Amino acid sequence: MAKTLFDKVWDSHVVHNVEDGPQVVYIDRHYIHEVTSPQAFNGLRSRGIPVFRPKQTIATADHNVPTKDQHLPIKDALSKHQVDTLIKNCDEFGVELYGLGHPFQGIVHVIGPELGITQPGMTMVCGDSHTSTHGAFGAIAFGIGTSEVEQVLATQCILQNKPKSMKIEINGQLKPGVLSKDIILYIISKISTSGGTGHFVEFCGDTIEALSMEARMTICNMSIEMGARGGMIAPDETTYAYIKGREFAPKGEEYDKMVEKWKGLKTDEGAQFDLAYSFDAADIDPMITYGTNPGMGIGINDNVPNPNGNATDNFKKSLDYMGLEAGQKLIGKKVDYVFIGSCTNSRIEDLRLVADLVKGRKKADHIEAWIVPGSKQVEQQAIAEGLDVILKEAGFELREPGCSACLAMNEDKVPAGAYCVSTSNRNFEGRQGPGARTMLASPLSAAATAINGYISDARELMN
Amino acid sequence: MEKFINITSSVYPLPVEDIDTDQIIPARFLKATDRKGFGDNLFRDWRYDKNDQPNPDFVLNNPKYSGTILVAGKNFGCGSSREHAAWAIYDSGLRVVVSSFYADIFKGNALNNGLLPVQVSEGFLQKIFKAVEADPKQEVSVDLVTQTISIVGTDDAESFEITAYKKHCMTNGFDDIDFLISKADEIAAYETKELVF
């Protein structure tokens with residue numbers, strides 16, 4: 001029977017079928033961090049059992065680490081306690097930890113791919129919804145809760161009902177200045193934040209095939225924002241080339257053998273999806289959100305929708321929180337903060353795009369511009385390429401790696417009422433700090449906004 | 001995990017759609033390393049104002065309402081996978097959430113913690129909101145054995161879905177880990193096989 005890419009990876013990882021119930025699915029790689037793991041380790045402790053396969057578990061500290069002076073002790077007592085608890089748990093249970101000070105430390109979804117741990121055909125989970133990022137490699141990767149983290153630590157397996165399948169095909173040439181972040185914000189604006197619920201999505205089409213690995217990761221990263229359990233992209237030459245030579249990637253003959261295997265990871269001709277959408281790349285403009293969920297996005301030159309008296313309470317509540325009016329233009333609107341970072345857009349390509357645009361320019365005086373690399377390795381590479389100098393001259397603050405102002409568990413918060421154009425993945429109320437007003441956009445849009453001091457179309461600064 | 005068989009209770013109506021887990025429990029309150037105590041910060045930024053004073057307009061602060069059932073608008077629990085959201089709801093004494101649509105991860109997290117997510121039709125959801133608007137003491141009854149939810153004292157009732165496995169776990173107070181550990185030999189045998197895609 002013709003199978004989808006998702007079917008192939010899923011079916012090959014089923015250990016046991018529970019009658020009238022879920023399946024026991026084997027997990028190849030388990031990423032953990034300080035926020036969603038402590039209660040799971042406590043669970044193991046109270047049962048008196050070890051981590052079942054500690055070598056398949058990889059830990060890092062990212063959610064509430066500071067982005068300044070990481071060599072000093074963490075000032076916030078609760079954050080410090082949580083990071084110290086992770087250190088203690090990893091030590092006690094024999095799990096490798098890339099904690100603060102380690103050259104591999106960084107956001108869990110940035111370090112997995114860059115270290116070559118994330119590979120095609122794997123099943124991967126983490127107590128973080130943006131685990132969907134790793135699907136860019138043709139892996140099944142999804143976010144889980146802490147009880148499930150405990151399941152995986154205890155047995156390397158998880159109980160899951162097989163999700164439905166969805167295909168999202170995008171074909172055609174992107175306009176200049178349109179990035180993969182714009183593609184995913186566009187798709188979510190079309191199908192809504194619940195449009196993918198219950199489904200696992202395969203992104204395909206020639207637009208997707210033409211994207212770099214890092215751009216593909218941005219798309220899969222935000223598949224959770226349309227409610228999908230995860231998104232995935234069939235591996236191809238771009239994928240194999242990205243993996244080759246990375247720290248934990250297969251080497252030599254082993255690599256060749258794996259590539260042969262990975263070549264089978266694609267949807268068979270005639271395979272059926274439960275739901276399918278297709279979009280034309282040429283319809284996509286740089287996007288920005290105006291509301292309080294990622295589905296509330298528009299082209300950067302468009303007006304906030306105006307339901308003319310038919311506005312729902314949710315829509316009104318959202319605009320009220322954002323301090324915006326139905327029908328108003330966003331372009332030219334003064335903002336206070338620009339945040340470039342998070343597991344969505346903190347990779348070296350993102351930093352290069354920003355550096356290219358801001359080179360020889362200065363940010364607007366009133367703007368606070370933070371650029372937070374996704375990992376120690378990204379930070380080092382930015383320095384090696386001289387991007388740090390360009391960014392500094394433009395008035396950007398290049399900080400140390402972590403989740404930072406994406407969810408503001410550390411000190412990087414946007415004040416109440418302030419506007420922030422952010423490359424992160426969520427614009428929920430209070431996400432960047434209580435009362436903060438977040439507008440999601442691509443790194444190019446964020447960089448252009450920092451330069452002008454108001455929401456800007458980067459294409460006007462390009463060339 | 002506590003057993004769940006049935007509950008009849010008045011409800012807290014929260015007719016807001018797309019309630020994300022950042023609203024249920026904001027990230028800054030996720031720094032604890034145990035599962036308890038999150039209830040104090042449930043819906044923190046809606047429940048309290050900037051000066052940490054209770055917001056009288058928020059449903060949980062309104063003395064008219066009480067009970068162990070929360071009724072919310074569609075797409076409840078979207079966003080972050082934080083299980084703390086389910087813990088916070090449970091910790092504050094609630095045992096059932098009723099909505100017309102749930103985000104997947106939240107639903108799984110709730111079921112793993114003895115909190116029952118009851119998914120009803122949009123029409124039935126609106127009926128509950130109307131009934132509670134008319135009478136804040138209106139009771140709703142949820143029976144897991146028959147998989148039925150009804151508005152007490154009326155003919156309005158609807159059946160809801162739950163997998164046989166999860167129903168078995170909830171009604172018996174079992175959790176997934178006990179089950180998975182019982183499969184350890186099968187898991188080890190799986191690990192010796194070569195992966196075929």
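The following exchange takes up the interface of chain A and chain B and two sheets of chain A.

User: What kind of model is this, and how are residues and chains labelled?

Analyst: This is a predicted model, in which local features need pLDDT of at least 70 and side-chain atom pairs count only at pLDDT 80 or more, while totals for chains, interfaces and linings use all residues. Residues are numbered from 1 along each chain as its sequence is written, chains are lettered from A and ligands numbered from 1 in the order in which they are written, and side-chain values use heavy atoms, with hydrogens and water left out.

User: How many residues of chain A and chain B are in contact, and what area do the two chains bury?

Analyst: With contact taken as heavy atoms within 4.5 Å, 68 residues of chain A are in contact with 54 residues of chain B. The two chains bury about 5000 Å² between them, 59% of it on carbon and sulfur atoms; buried area is the accessible area (1.4 Å probe) that two parts lose on being put together, summed over both.

User: Why is the pairing of Arg47(A) and Asp175(B) called a salt bridge?

Analyst: The term requires a side-chain nitrogen of Lys or Arg within 4 Å of a carboxyl oxygen of Asp or Glu, and the side chains of Arg47(A) and Asp175(B) meet at 3.0 Å, N to O, so the pair satisfies the rule. Across the interface, the rule finds 7 salt bridges.

User: Which elements of chain A contribute to the side that touches chain B, and which gives the most?

Analyst: Among the elements that give two or more residues are helix H1 (5-11), strand E1 (14-17), helix H3 (77-93) and helix H5 (146-155) of chain A, where helices (H or I, at least four residues) and strands (E, at least two) are DSSP runs numbered from the N terminus. H5(A) gives the most, with 7 residues.

User: What makes E11 and E12 of chain A edge strands?

Analyst: The open sheet of 4 strands has the order E11-E10-E9-E12 (chain A), with parallel pairing. Strand E11 (230-232) and strand E12 (275-280) of chain A each have a single partner strand, so one side of each is left without a neighbour in the sheet.

User: How do you know that E9 and E12 of chain A pair?

Analyst: Two strands pair if DSSP finds at least two bridges between them, and strand E9 (residues 164-171) of chain A and E12(A) have 6 bridges in the parallel sense, so the condition is met. Within this pairing, Glu169(A) stands opposite Ser278(A) in E12(A).

User: What is the strand order of the open sheet of 3 strands, and what lies in the turn of its hairpin?

Analyst: The order is E1-E2-E8 (chain A), with antiparallel pairing. E1(A) and E2(A) pair over 3 bridges and form a hairpin with 5 residues between them, in whose turn Asp20(A) has a positive phi of about 55 degrees. His16(A) stands opposite Val24(A) in E2(A).
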